[in-house]
Amino acid sequence: MTLSRRTFITSTAAAALLAQVSARALAQAAQRTGLKDHFADDFRIGAAVGWKILAGDKDLESILFREFNSISPENCLKWESLHTADGGWRWDYADKYVDIGTQHQMYVVGHVLAWHSQTPDSVFKNPDGSYVSAATLKKKMQDHISTVVGRYKGHINAWDAANEAISDDKDNPMRRSHYFNILGEEFIDHAFHVAHEADPGVHLIYNDYGIEGGSKHEACMELIKRLQKRGVPINGIGIQAHINLEEPDVETLDKCIVDFASLGLRVHFTELDIDVLPNVWKLPVAEVSTRFEYKPERDPYIHGLPKDVEDRLADRWESLFKVFIKHHDKIERITTWGISDDGSWLNNFPIRGRTNYPLLFDRKHQPHEAYYKLMALKV
């Protein structure tokens, strides 16, 4: 029997629809065990947890415990969060964070030991505004790092020992932070050595943004080589991966993973999110102090993400994970910076009050289409 053209088109469309439904059904079935189980043979799947989780938000907890087997703290282990104004320590949220990871047998990450941001100026400066001496800063670092790392020895698996020490200026590869101005690159060495002494078994990471390619990637490679030559106990590289729908391309990401692994480092994707909003200023950084003026044209999706953008976002997640799976033997974990869109820092960076969609779960804590694409990758 010869099919009419109309019948043929209808049959083809039905077959395509059936295939799509079948793939989604398989992915939904896999969802019952979560991302962490789906990629268990490849790498850990992590999420950054903030105050809502630490305060016991049950809805977010259900996603966290179902989908993820690694956690990173958004803020509770940073210097300004741990120290009180009178020189004491504040452990409540940090202890809660570590307890969550320990109770649920997660890979627990500490973030961060030495970072120029969210560290009070009083750490670096005298009352008259002058810098403290190199010896004074090293002593402050020694006290802080040995106390924090020692407190959680055996419970935190990996620490971001130093964070964002590389500049965005290709002519000045090292960031001229207070740390650097007082100690030079030695502040990085010191952070790693003190952490290693406090917990010889902990995995130590250098973490940064924008190091996927270009001059900053090369600067990071050279920094790692210098650290290794000086005998610094570095075990891993943290690629933050605050990216967008176009950049970096998958070829750049592929090379980045291979390059860092060639230095003997375990590769961690530590803060992955995908910015879907217009980058009208072509900002190449994730420096948290950067701010721009709110304008309606810079916030186009306040009523929801259009279908075509949702599809592009899903394709982007899928293409990233194909590269990750290809290099699964080099990668320790893939961590998203947050759990759901409503809690993402990108709603307020670098413009406060915008509506962004950078994660795998939406504002109602339901999976994006990207989630199903990832769950179908290995079905």
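The following is a conversation about how terms are applied to a predicted model.

Biologist: What should be kept in mind about numbering and confidence here?

Modeller: Residues are numbered from 1 along each chain as its sequence is written, and side-chain values use heavy atoms, with hydrogens and water left out. Since this is a predicted model, local features need pLDDT of at least 70 and side-chain atom pairs count only at pLDDT 80 or more, while totals for chains, interfaces and linings use all residues.

Biologist: How many helices and strands does the protein have?

Modeller: There are 13 helices and nine strands in the protein, where helices (H or I, at least four residues) and strands (E, at least two) are DSSP runs numbered from the N terminus.

Biologist: What makes glutamate 318 buried?

Modeller: Buried means under 20% relative accessible area, with exposed over 50% and partly exposed in between (1.4 Å probe, protein chains only). Glutamate 318 has a relative accessible area of 19%, so this residue counts as buried. Glutamate 318 lies in helix H12 (residues 307-326), and, leaving aside neighbours within four places in sequence, is in contact (heavy atoms within 4.5 Å) with Lys373, Leu374 and Leu377.

Biologist: Why is H12 called roughly parallel to H13?

Modeller: Axes are lines fitted to C-alpha atoms, for helices over the stretch in contact, and angles run from 0 to 180 degrees between N-to-C directions. H12 and helix H13 (residues 369-376) pack at an angle of about 30 degrees, with their axes 8 Å apart. Therefore H12 is roughly parallel to H13, given that angles under 35 degrees count as roughly parallel, over 145 as roughly antiparallel, 65 to 115 as roughly perpendicular and the rest as oblique. Among the residues that meet across this pair are Trp317, Glu318 and Phe321 in H12, and Lys373 and Leu374 in H13.

Biologist: Is tyrosine 371, which is in helix H13, buried or exposed?

Modeller: Tyrosine 371 has a relative accessible area of 0%, and therefore it is buried. Tyrosine 371 and leucine 359 are twelve residues apart in sequence and 9.3 Å apart in space, C-alpha to C-alpha.

Biologist: Why do cysteine 220 and cysteine 256 not form a bond?

Modeller: A disulfide is a pair of cysteine sulfur atoms within 2.5 Å. The sulfur of cysteine 220 is 8.3 Å from the closest cysteine sulfur, in cysteine 256, and is therefore too far for a bond. By this rule the count comes to zero disulfides. Cysteine 220 is buried, with a relative accessible area of 0%, and cysteine 256 is also buried, at 1%.

Biologist: How do you know that H10 is roughly parallel to H11?

Modeller: Helix H10 (residues 214-229) and helix H11 (residues 250-261) pack at an angle of about 10 degrees, with their axes 11 Å apart. That angle makes H10 roughly parallel to H11. Residues that meet there include Cys220 in H10 and Cys256 in H11.

Biologist: Which residues have the most contacts inside the largest nonpolar core?

Modeller: A nonpolar core is a set of buried Ala, Val, Leu, Ile, Met, Phe, Trp, Tyr and Cys residues joined through side-chain atoms within 4.5 Å. The largest one has 107 residues, and those with the most contacts inside it are Leu77, Tyr97, Tyr206, Ile237, Phe269 and Phe324. H12 gives the most to this core, with eight residues. Not counting residues up to four places away in sequence, leucine 77 touches residues including Leu82, Tyr97, Val148 and Trp159.
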